[in-house]
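Have the viewer open and the sequence at hand. Let's take a walk through this one, starting with the rings and finishing with the backbone.

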Amino acid sequence: MTSAAPKFESDFDFLRRLVHERSAIVLEPTQSYLLEARLGPVAHKAGIPTVGELLRRLRLERYGPLHRSVVEAMTTNETFFFRDLAPFQALQKVVIPAILGNNAASRQLSVWCAAASSGQEPYSVAMTLREHFPQLTQWKVELHATDLSDEMLERVRSGSYSQLEVNRGLPAQMLIKYFQRSGVRWTVKPELTSLLTVRKVNLIDPWPNFPLLDVVFLRNVLIYFDVETKKKILGRMKRVLRPGGYLFLGGAETTSGLEDDFERVNFANASCYQLRGPEAK
Ligand SMILES: C[S@@+](CC[C@H](N)C(=O)[O-])C[C@H]1O[C@@H](n2cnc3c(N)ncnc32)[C@H](O)[C@@H]1O
């Protein structure tokens with residue numbers, strides 16, 4: 001813990017501090033309404049009668065699994081297949097063709113989805129690669145899907161989606177080609193799941209030793225962080241991306257004013273940035 005607890009801290013202020021220290025997410029005072037809705041199920045699952053009692057226990061106990069569940073419950077996991085479309089078009093039309101040329105000798109491609117939520121984003125990347133670049137079956141392709149939330153990572157691993165979820169953004173022919181029916185749900189075929197390496201990464205903690213990355217999807221997560229955290233994370237991105245590598249951010253996110261070494265790629269309204277090579281600095 002970095003800051004001492006004030007003497008008379010309200011439940012919501014305690015929760016804000018906990019969530020910020022453990023995930024960097026900034027909860028706004030206007031979000032206090034989320035407290036009951038998000039923490040009720042956590043209390044229920046832990047057999048604790050009320051959210052008030054849950055918070056009392058969190059204040060008294062050392063940081064542990066219950067605190068972790070509470071932090072995870074406060075994350076926003078909204079996502080859907082081919083979200084915003086333009087980034088996936090940029091991947092198909094600009095980014096992968098450039099990498100096919102640049103990495104022709106090594107025949108290696110490494111991609112990281114750094115806040116993968118329930119998996120629709122990494123599976124959309126996997127479908128884009130399979131659908132448009134058959135030559136990549138001859139390459140060593142690594143697609144890392146990570147998130148802070150164990151519950152979300154379980155969902156990525158299961159590759160199981162409801163009808164409602166596959167109705168959001170997934171073209172019908174992709175559904176037929178890459179998913180199979182399992183009762184009322186749809187499961188991603190092994191052809192795609194086998195491409196993914198799924199593991200837990202908290203962006204404010206040390207990162208695993210990835211191979212030098214060609215592409216990073218870091219979409220719709222910086223938006224929850226304060227400016228200092230955004231700068232730190234973008235600074236670390238520079239060190240894991242290959243010079244000339246590509247970074248995708250969410251539609252409301254930018255590197256501008258935070259990190260000068262990224263240059264916006266001019267492709268529709270895709271929030272796509274390229275890390276300048278050493279010669280461009
Ligand atoms: C709104 S979702 C974005 C999902 C996907 N990238 C997209 O754009 O559709 C944000 C995700 O960021 C994750 N997240 C929040 N804070 C994080 C942190 N400190 N480290 C890693 N993941 C985090 C949440 O668990 C959540 O799954």
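Start by selecting F81, Y123, Y161 and F179: in this predicted model, ring pairs link these residues into a cluster. They belong to a wider theme, since a search of the whole structure turns up nine aromatic pairs.

One of the pairs is W112 with W207. The ring centres are 5.1 Å apart and the planes meet at 70°, so this pair is edge-to-face; planes have to be over 60 degrees apart for that label. Now look at where the two partners come from. W112 belongs to strand β1 (residues 108-113), while W207 sits in the loop between β6 (196-200) and β7 (213-218), so the pair ties together parts that are 95 residues apart in sequence. Both W112 and W207 are buried.

Next, turn to F217 and F248. Here the ring centres are 4.6 Å apart with the planes at 20°, so we call this pair stacked, the cut-off being under 30 degrees. F217 comes from strand β7 and F248 from strand β8 (residues 241-249), so this contact between rings ties together parts that are 31 residues apart in sequence. How accessible is F217? Its relative accessible area is 0%, so F217 is buried. F248 counts as buried too, with 0% relative accessibility.

There's also a ring with a charge for company: the charged end of R22 sits over the ring of Y63, 3.6 Å from the ring centre.

That brings us to the helices. α1 (11-23) has 13 residues and spans 18 Å from its first C-alpha to its last, close to the 18 Å you'd expect at 1.5 Å a residue. Its buried residues are F12, F14, L15, R17, L18, V19, E21 and S23. What do they pack against? The partners are α2, α3 (51-60) and α4 (65-73).

Follow the chain out of α1 and you hit A24, which has a positive phi near 75° despite not being a glycine. A24 lies in the loop between α1 and α2 (34-45). Is A24 buried or exposed? A24 is buried, at a relative accessible area of 3%.

Past that loop comes α2, with 12 residues and a reach of 17 Å between its first and last C-alpha, close to the expected 16 Å. L34, L35, L39, V42 and A43 are buried in α2. They cover an arc of only 120° around the axis, which puts them on the same side of the helix. Rotate to the face turned away from that buried side and you'll find the exposed residues E36, A37, P41, H44 and K45. As for what covers the buried residues of α2, the list includes α1, α3 and α4. Just after α2, G47 takes a positive phi of about 70°.

One last backbone stop: A268, in the loop between β9 (262-264) and β10 (272-275). A268 has a positive phi near 40°, again in a residue other than glycine. Where A24 is buried, A268 counts as exposed, at 61% relative accessibility. Put the two alanines side by side in your viewer and you have a positive phi in a buried loop residue and another in an exposed one.

Note on methods:
Residues are numbered from 1 along each chain as its sequence is written. This is a predicted model: local features need pLDDT of at least 70, side-chain atom pairs count only at pLDDT 80 or more; totals for chains, interfaces and linings use all residues. Side-chain values use heavy atoms; hydrogens and water are left out. Helices (H or I, at least four residues) and strands (E, at least two) are DSSP runs, numbered from the N terminus. Buried means under 20% relative accessible area, exposed over 50%, partly exposed in between (1.4 Å probe, protein chains only). The expected span of a helix is 1.5 Å times one less than its number of residues. Contact means heavy atoms within 4.5 Å. Rings of Phe, Tyr and Trp (its six-membered ring) pair if their centres lie within 6.5 Å; planes under 30 degrees apart count as stacked, over 60 as edge-to-face and the rest as tilted. A charge sits over a ring if NZ of Lys or CZ of Arg is within 6 Å of the ring centre and within 35 degrees of the ring normal. The arc is that of the directions from the helix axis to the C-beta atoms.
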